Every structure is written in C-alpha cells, then in structure tokens.
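Open the model in your viewer and keep the sequence beside it. The stops below each give a selection and what is found there.

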Amino acid sequence: MSAEPEPVTTAVAAILPRCYGIVPSAVVHGPRGTATHNYVVEGEDGRRWFVKAYPPGTDLQGEQEALRLAEFARSREVRVPAVRRSAADELIVAAEGTAVSVSEYLDGAHTAEGGLQGRRWAAVGEAVGCLHRVLARHPAGPPRPVPAREVCDVERARQRLERLLAQYEGGTTGGEFATWARQTAEQRHAALPRVAALLEGLPPMLTAQIVHGDLASPNVLLRGQEVAGLIDFRPPRHRSAVWELGRIILDPRTVLANPDWPAGLGEAVAAYREENPGLPVGDLLAVPRVAAGYLACSVYPLSEPVDSPAAVTPELEAYGRARHVAVGLLTERLDEAEEVLRDRLT
C-alpha cells in the first residue's frame, strides 16, 4: 500500500474493503485528473481497479449521471470499462470524508495523447461512430438539428475573449505562459472576423445528440492499434456529434505530428460512417471546419493563468501552444481536408 500518509489515500484504502469488498494490497497514484484524485488499486486477489476520489464541492449528482451514461453505453457493446457498484448498489460512495467511484482497470492500455497514426485513425473513427449510434437512442432524447452558430459561436467567443483580456489588464498574473496567453488572446480576438467568414461555409444546421461530452485524447484508451476503452463521460447533454468527432480525431497533437493528417481524417470519418450511417453526410463534411472554428473560438487554456493558476503545468503550457498552432494548420489546409472527405463520402 502507498506509504504516503495523505488523507485521501487513507480514505480510499478504508472505503474499498468496507463498501466494495475489495481488500487492497496496493494503492498507488494513477494518472493525474483535472478535477479528481485518481488511484490504481490492486486487490489481494491480484485484480486491479481504477478509483476516482472526488474533492469537496464536486457535483456528485452530475458525476452519477455521467457514470450511468457510461453504463448505458457499455450495456450496448461500446468499449467502456465496467463501473463497479458498491455492496449497497451505489455508483459513488461518500464516506471517510471523501467520495469515490470504482471501475475496471484496463491493463496494457494507454491514452491517445501520443496522437493517431496508422490503423488508429480508423479504430478511433469506428469507436466514436459506435458510441454515437448507441447514444442516439439514449432516453434523454433523440438527435435534433441545431443552428451551426450554436456549435461555433463567434459572438460568445468575442465576449469571452474581451472579458479575459480585461482580467489580464486588471490583474497581477505574471509568468512567461501568462504573457503568451494574453498575447494569443489578443490575436484570437483580432482574428474573429476571419473566423466568422470561415464558419459561413458550414451548413445552416448541424445534428446535436447525447454525446460523451469530454472525448479528449486522455479519455480514449488504446491497446496497440485498437481502442481499448472510452472513459470519463460527462452527464448526458445534447451537443454536436461532429464537434465531438473532430475534437478527438483532429486533436492538436495529432495534427502537429502528422503532416498527412487530411488522409488520416478521411480514414477516420469513413470508418465512423460505417458504424453510424444515420449522421448526415453534410455533417461529416463539416468536421474539419467545425474543428478549426471551435479551436479558434476557445479561450482554453488561455484563461487558466487567470482562472486556475495551479492548473498551469508544463504539460498544459505545451498543449496550449499546440492548440494555437493547430488552428493555423487546420485553417490553411481546410480546402484539402474537405476535398478528401468529399472523395470518401460522396
């Protein structure tokens, strides 16, 4: 068991045997979470579990809704690690001054943060297509059309950037990354007219449905060239399906690492369509334009030095710079990427 005497680790070790019937022989820190303390626990039987400990103030109702969404997807053969319920059939146990959830640990799996290449393009496209086909039947409601401007809202981006720049102007935030973030926010604000022009090329309406909600590369687990599991769902909410698809297959780190990303995009979207033929082709053709527009309208992580200075790590700084460069690459090669999709889909 971890020798660190921190209260959360101690609480996790106490909760597991009492509430889950898991007697831990080792409790070690798992991957860093954005809002949780994560642990990998090995039981006396040798089986390993992934444990999330939620800090005080967490919306536990929302977290339970997210876990139920993951269970819904898994029950319909989406690759999702099994959630282990407590002896009292609870998704989250609150005890020992903390709250935890427990799920299956996927041995040998790693996140997609290293980017997509080779067979992984199609594998991720297939996995997201299967997920969206299943979630289109979620009880929260069927897919529905929404105005494209709701997916990439330039006016809202203008308001957020102006508010962020005012915070930088009136605050004492310092450091190299904060200086870069402020300058980049100024550039993003000045570029919004060009972004608006780019988004005029979207269809008037795009399809919104229940989606994963946080399908970023840390939440896609790979084993070799295949998808081992999708993790860290958010509560069920209607959002653009192509926004979610583009967010993972055009992750900035993938775009920067793969000069031939338009071809990979074609592989991924074609595989997605095989699994989810119900999404209109017009939506799928919009994937790269939505991805470019969404990144150009985002204030994350430019806002982190103001909103959450403790979250600014070297990894976040590198990711922020990658996002900014990726906006330019996606925009520069947008015509090429859309032509690849037209060849594959029409």
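How far is the sulfur of Cys152 from the closest cysteine sulfur, and in which residue is that sulfur? Select Cys152 and Cys297: the model, which is a predicted one, puts the two sulfurs 5.8 Å apart, too far for a bond. A disulfide is a covalent bond between the sulfur atoms of two cysteines. The cut-off applied here is 2.5 Å between the sulfurs, and the structure holds zero disulfides. Cys297 is likewise in no disulfide, and the nearest cysteine sulfur to it is that of Cys152. Colour the pair by accessibility: Cys152 is buried, at 4% relative accessible area, and Cys297 is buried as well, at 9%.

**Ser303**

Next, select Ser303, in the loop that lies between helix 11 (287-297) and helix 12 (304-307). Is Ser303 buried or exposed? Its relative accessible area is 7%, so Ser303 counts as buried. Show its surroundings, leaving out neighbours within four places in sequence: Ser303 is then in contact with Leu164 and Ser308.

**Strands 2, 3 and 6**

Move to strand 3, residues 48-54. Six of the seven residues in strand 3 are buried, which leaves the strand mostly covered. Add strand 2 (residues 37-43): strand 2 and strand 3 run antiparallel and are joined by six bridges. To find the register, select Glu42, which stands opposite Arg48 of strand 3. The hairpin of these two strands has four residues between them, and one residue to pick out there is Gly46, with a positive phi near 90°.

Now add strand 6 (residues 98-104). Strand 3 and strand 6 also run antiparallel, with six bridges joining them. Which residue of strand 6 is the bridge partner of Phe50? Select Ser103 to see the partner of Phe50.

**The sheet 8-9-12**

Strands of a sheet pair through backbone hydrogen bonds, either parallel or antiparallel. Select strands 8, 9 and 12, which form an open sheet in that order with antiparallel pairing. Strand 8 (144-147) and strand 12 (238-240) are the edge strands, each pairing on one side only. View the sheet along its strands: from one strand to the next, the twist averages 50°. Between strand 9 (residues 205-210) and strand 12 there are three bridges in the antiparallel sense. One position to mark is Ile210, which stands opposite His238 in strand 12.

**The sheet 7-10-11 and helix 3**

Another open sheet comes next, with three strands in the order 7-10-11 and antiparallel pairing. Here the edges are strand 7 (110-111) and strand 11 (226-230), each of which pairs on one side only. Strand 7 is joined to strand 10 (residues 220-223) by two bridges, and the two run antiparallel. Select Thr111 together with Leu221, its bridge partner in strand 10.

Keep the sheet on screen and add helix 3. Helix 3 lies across strand 7, strand 10 and strand 11, and runs at about 35° to strand 11.

**Helix 2 against helix 3**

Hide the strands and add helix 2. At what angle do helix 2 and helix 3 pack? The angle between helix 2 (residues 60-75) and helix 3 (residues 120-135) is about 105°, and their axes are 10 Å apart. Helix 2 is therefore roughly perpendicular to helix 3. To display the contact, select Leu69, Phe72 and Ala73 on helix 2, then Leu131, Val134 and Leu135 on helix 3. The residues of this contact are six nonpolar, no polar and no charged.

**Ala268**

The last selection is Ala268, in helix 9 (residues 261-275). Ala268 is buried, with a relative accessibility of 0%. Which residues is Ala268 in contact with, leaving aside its neighbours within four places in sequence? Show Trp121, Ala122, Gly125 and Ile249, which are the contacts of Ala268. To finish, draw a distance from the C-alpha atom of Ala268 to that of Leu250: the two are 9.9 Å apart, for residues separated by 18 places along the chain.

Conventions:
Residues numbered from 1 in each chain as written. Predicted model: local features only at pLDDT ≥ 70, side-chain atom pairs only at ≥ 80, totals over all residues. Heavy atoms only, no water. Buried < 20%, exposed > 50% of the residue type's maximum accessible area, 1.4 Å probe, protein only. Pairing = 2+ DSSP bridges. Contact = heavy atoms within 4.5 Å. Axes fitted to C-alpha atoms, helices over the stretch in contact; angles between N-to-C directions. Parallel < 35°, antiparallel > 145°, perpendicular 65-115°, else oblique. Nonpolar A, V, L, I, M, F, W, Y, C, P; charged D, E, K, R; others polar.
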